[in-house]
Amino acid sequence: MSDRRNTPAFIRPLTGTALGLGLLAASTLGVAQTTSNICEPDGGYVVAYYNGTFAMPEDADAQRAALRIARHGKYAGATETATTTSGKAEPVRYETFYSTAGTASGATESRFQALAAEYRKLLDGALTQNWEYFWDMASGSIDNWSVLAAKSGDSRFLAITSAFPGTVTSLATAAKTALQTELDSSNTTLAARQLARAQALYTERQKLLMVSVASSQGALFANKAFAKLGVTDSSVARHELAALPADAVKTALTTNMAALTIPTPASNQGFFTATLSWTVPATGAYGTGSDGKALVNDFDLHVIEPTPPVTGDNYVQWVHFSATGDPGKGGGGEISKQGYAGFLDKDGKGTSATDTGPEHYYASCDAGKLLEGSYWVAITKVRAQIPERTFVTLQIATAKAGEVYSHTFNYAAIADFQQQTKLTFPVKVVLKKNADGTWAKPEVTPYSPIAAYDTTGLPNFAL
């Protein structure tokens, strides 16, 4: 899957409609949240739409928009809401969890190109002006084409009407079969990012409804993510549509959303969050080491905050293996999880074969604690027992825009931890205030592949 790092295609938030989700006060920072809370109240829903077969990103966005309209009607400028069983209206955000058919080796594109090439071979001369009907046929519909064929009487139209749908069906079936095999093999990045986003939403205590069209490739992704989440509460639900949005969709979505409850993890949202998660091979693939203990994976999230106005630690991290208590040298422990402006409230230690994180950092919702400036985000590896089958995903989300950055790394691309000044950074988040004193939307800058510590302007420690 290609990496669209500034505007990820696989998860595309619906802009200009529902505003940010409810955010929890960052009480674990030790500061009571009162009127200085700059985040929204607790509560909210995310509807994750998994697109239909052969949909390109823009098609998937259009399908998601149609889903939203079916539920809420034409956007009227107000925050769109859903009502809980207790009668409370909470905000709703819709995101496209873009999925592609085929395998990580590029079969997705080749199958789609084969379909388009077949269509082009069937068209020539005057028929080429009817290229737009390709999209109808790719979705399995020949209604418009049949009408055109009947009116023209051209034998070529009639031939395509009878022959092409079979090609579509054959290629779609092959793509979904290969995709299911690839998802089951556990050595793919295809579902890693979508799963990481779902995992992040659950960690940040959002109610999540996964929606797809029945028997589509999106349904395969949604089913895989739902199973991997392994939630034991009613905060996440699956819903398959018999067809794209229709009148019955509104009732179905309303019923499903009302039944959702806030997740149980003791984690928090913030003005922005950083979430780190990773894959593990299929059950039983790890085995045990020479010490008889289960072989597991472990990775660490690091955030260096802006320099605080008073004495305080601005290096937030958790490192398990260091005996030193010096944070600059990687001394772990509870104290190192606490920054001045943020907190590492969830740490995935890789203690079991099913532990895939997440590690989770959130910046405070307290206007008196949040700092202007650059927040440098890094990841390091501790161990992975099967490196070639381990993929690590870092995501940045903001209060108003949802997920704004995501990148999946191969194990080999991640550095071991040595000390703070040896860290490298794939992304930076800059917080600023507007002229009127309100907080501006966070600025997220990705680096390709990374920014070295000595290019950041961060202080050097006498190590």
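How many cavities of 30 Å³ or more does the structure hold? The structure holds four of them, a cavity being a set of points on a 1 Å grid over the protein atoms alone where a 1.4 Å probe fits but cannot get out. The model is predicted, with local features needing pLDDT of at least 70 and side-chain atom pairs counting only at pLDDT 80 or more, while totals for chains, interfaces and linings use all residues. Residues are numbered from 1 along each chain as its sequence is written, and side-chain values use heavy atoms, without hydrogens and water.

The second largest cavity has a volume of about 60 Å³, and ten residues line it (each with an atom within 4 Å of a point). Of these, A192, L195, A196, S277 and W278 lie nearest its centre. The elements below each supply at least two residues of this lining, and α6 gives the largest share, four residues.

| Element | Residues |
|---|---|
| α6 | 192–203 |
| β7 | 272–278 |
| β13 | 391–398 |

Helices (H or I, at least four residues) and strands (E, at least two) are DSSP runs, numbered from the N terminus. Helix α1, residues 57–72, has buried residues (under 20% relative accessible area, 1.4 Å probe, protein chains only), including P57, A60 and D61. Seen down the axis of α1, its buried residues fall within an arc of 160 degrees, so they line one face of the helix. After α1 comes G73, whose phi is positive, near 85 degrees.

An open sheet of five strands runs in the order β9-β8-β12-β15-β16 with antiparallel pairing, where two strands pair if DSSP finds at least two bridges between them.

Note on methods: Buried < 20%, exposed > 50% of the residue type's maximum accessible area, 1.4 Å probe, protein only. Arc of directions from axis to C-beta. 1 Å grid on protein atoms, 1.4 Å probe; cavity = no way out; pocket = protein on both sides within 12 Å on 5 of 7 lines; lining within 4 Å. Points joined across faces, edges and corners; volume = space filled by probe spheres on them.
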